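Subject: Structure for you to look at, with notes

Dear colleague,

Here is the structure I promised to pass on to you. Please open it alongside this message, and then read the notes that follow.

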Amino acid sequence: MVVVFLWSYTSHGDVPNNTFLVIGAVFGAYMAMNIGANDVANNVGPAVGSKAMTLMWAIIIAATFEALGAFVAGGDVVKTIKKGIIDPALISDPQIFIWAMTAALLSAALWLNFATSVGAPVSTTHSIVGGVMGAGIAAAGFSIVDWGTMGKIAASWVISPVLGGIIAAAFLYLIKTKIVYKKDMVSSAKIIVPYLIAVMTWAFSTYLILKGIKRLIKLDFFTAAGIALIIAVIAYILVKPLIAKAAVKLENTRVSVNTLFTVPLIFAAALLSFAHGANDVANAIGPLAAINDAVMNSEIHSKVDIPFWVMAVGAIGIAVGLALYGPKLIKTVGSEITELDQMRAYSIAMAASITVIIASQLGLPVSSTHIAVGGVFGVGFLREYLDSNEARFLQGLRKKFKKHKKELDSMTKELDELEALEKKSKSNYVRIVELYKDIDEKQEIVKQEKKDVKEAKSVKYVKRDAVKKIVAAWVITVPAAAILSAAVFFMIKGIMG
């Protein structure tokens, strides 16, 4: 932030009314850092939580690809008012507009900073939307807001996590039924995993073409999906022999089969970060680009060019914020909601890409944060449901074990008594032979049931406290950022007036 202040001040010192450009640059850097600290955790959190990669490598990969996404695909033009939530034409004075954008940036950044400090992953898009809405209302009244758009954004609070949760749970259930619940997991994995990687390749290729590089080349869904399908077929052909080769070294255990998902998860984290950097850098630099344009031209435009230095503030700020403060939220998403392994993390990554594709085709506004965390919820609640069934089975198993153990003890006692009487009477001989045979059979049954009881997993629940905290933060993000933004706007107006 100090570097941005010094550079923006020295490079724009001769620009009239440059004070708010310098302040806006600093606030833009602060916002970008908070995006890196809070939002990027969604891309790498599941991979870290599943131990597919270490925290250090996750930060390096995410920071690199976030910055690349912003620089390469962030584009030259950005809408000054993201998602058209207010009509800038209703603010005639460029000075008022500059104050509003400055207030929006600062309030969104402050809210994200607070959310990060309490470990709540919230939507950076909703934060800036709330900031712009609050400042807009303070500057020009409630009529400036497009309430239809705000209604869609409110709907996304439900749509994003539910859709993400359903898709993640569906993929995990598919993996469990087709691989984990099979007697020979390795053979099943050899057949199924190449298909899963091909589906992932298709989803991520489509996602990147539609969202990540849309400012470099814009294609419709069917063209993007067709290109992605060709890439997916090639991926399947290349991956199948590699999976077969890797499977030779695997043991017939879930932990061993899990390793087949490690490399795809690393690619998923990198690609999600690239697409996120390309799209969400606008949350930091959109208002800053608007301030820059208004200061330079003394006019208000709905779309503006982004100078390289503004893009650099956003791209580098996201990377720095992730490196300094990202681990807290990465741990929240990766391990503090439910326990993750590579299969579960794969399911969440699939939910992140497919939900965005579906939502964009249906015209539904969704939040990448809500989708990713909803995916974690979906995986956790599916585990809870399946494990509760397992718990009921285990309860029945314990009852059978107790019954058979009691029968075994009774037979053993009878045998001891008959053997004591054997010398006195030969009539007990036949019964003794039968008991030996029955006891051998019953011992095998009891031994197996004891093993089953010992190996059966206990129920692992989604941590309800984490769910409540995160959902509460989601619901209040827009109004909290809006109220804070209005207060900051009036404070700026009072100081400048």
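To begin with one residue, does Ile234 count as buried, partly exposed or exposed? Its relative accessibility is 46%, and because buried means under 20% and exposed means over 50%, Ile234 counts as partly exposed. This residue is found in helix α9, which covers residues 221–247. Its C-alpha atom is separated by 9.5 Å from that of Thr201, although Ile234 and Thr201 are 33 residues apart along the chain.

Please keep in mind throughout that this is a predicted model.

**The chain as a whole**

The chain contains 16 helices and two strands, and 55% of its 497 residues count as buried. If one takes the contacts between residues at least 6 apart in sequence, 85% of them join residues at least 24 apart.

**Helices α5 and α6**

Helix α5 runs over residues 94–117, and its 24 residues should span 34 Å at 1.5 Å a residue, which agrees with the 35 Å that separates its end C-alpha atoms. Of those 24 residues, 19 are buried, so α5 is largely enclosed by the rest of the structure. At the N-terminal end, α5 is capped by Asp93, which has a side-chain oxygen 2.9 Å from the backbone nitrogen of Gln95. Just after the helix comes Gly119, with a positive phi of about 75 degrees.

Helix α6 can be described in the same order. It comprises the 17 residues 124–140 and reaches 24 Å from its first C-alpha to its last, close to the 24 Å expected at 1.5 Å a residue. Here 15 of the 17 residues are buried, so α6, too, is largely enclosed by the rest of the structure. The N-terminal cap of α6 is Ser123, with a side-chain oxygen lying 3.3 Å from the backbone nitrogen of Thr125, and just after the helix Gly141 takes a positive phi of about 90 degrees.

Ser123 also appears among the contacts of Thr477, a residue placed in helix α16, residues 464–496. Leaving aside residues up to four places away in sequence, Thr477 touches Trp111, Val122, Ser123, His126 and Ser127. With a relative accessibility of 1%, Thr477 counts as buried.

**How α2 meets α11**

Two packed helices are described by the angle between their axes and the distance between the axes. For helix α2 (residues 19–38) and helix α11 (residues 262–297), the axes come within 9 Å and cross at roughly 170 degrees. Because an angle over 145 degrees counts as roughly antiparallel, α2 is described as roughly antiparallel to α11. On the α2 side the residues that meet α11 are Phe20, Leu21, Gly24, Ala25, Gly28, Met31, Ala32 and Ile35, and on the α11 side they are His276, Asp280, Asn283, Ala284, Leu288, Ile291, Asn292, Val295 and Met296. Sorted by class, this contact has 11 nonpolar, five polar and one charged residues.

His276 is also one end of a pair that is distant in sequence: Phe65 and His276 are 211 residues apart along the chain, yet their C-alpha atoms are 8.9 Å apart in space. Phe65 is found in helix α4 and is partly exposed, with a relative accessible area of 28%. Apart from residues up to four places away in sequence, Phe65 touches Ala270, Ser273 and Phe274.

**The loop between α3 and α4**

Which residues does Ser50 touch, not counting those up to four places away in sequence? They are Leu265, Leu340, Asp341, Gln342 and Ala345. Ser50 lies in the loop between α3 (41–49) and α4 (55–73), and its side chain reaches the backbone oxygen of Ala47 at 3.0 Å. At 4% relative accessibility, Ser50 counts as buried.

Lys51 is found in that loop between α3 and α4 as well, but at 69% relative accessibility Lys51 counts as exposed. Most residues other than glycine have a negative phi, whereas Lys51, a residue other than glycine, has a positive phi near 65 degrees.

With best wishes

How values were computed. Residues numbered from 1 in each chain as written. Predicted model: local features only at pLDDT ≥ 70, side-chain atom pairs only at ≥ 80, totals over all residues. Heavy atoms only, no water. Helix = DSSP H or I, 4+ residues; strand = E, 2+ residues; numbered from the N terminus. Buried < 20%, exposed > 50% of the residue type's maximum accessible area, 1.4 Å probe, protein only. Contact = heavy atoms within 4.5 Å. Expected span 1.5 Å × (residues − 1). Polar contact = N/O pair within 3.5 Å; in protein donor to acceptor, adjacent residues only side chain to side chain. Axes fitted to C-alpha atoms, helices over the stretch in contact; angles between N-to-C directions. Parallel < 35°, antiparallel > 145°, perpendicular 65-115°, else oblique. Nonpolar A, V, L, I, M, F, W, Y, C, P; charged D, E, K, R; others polar.
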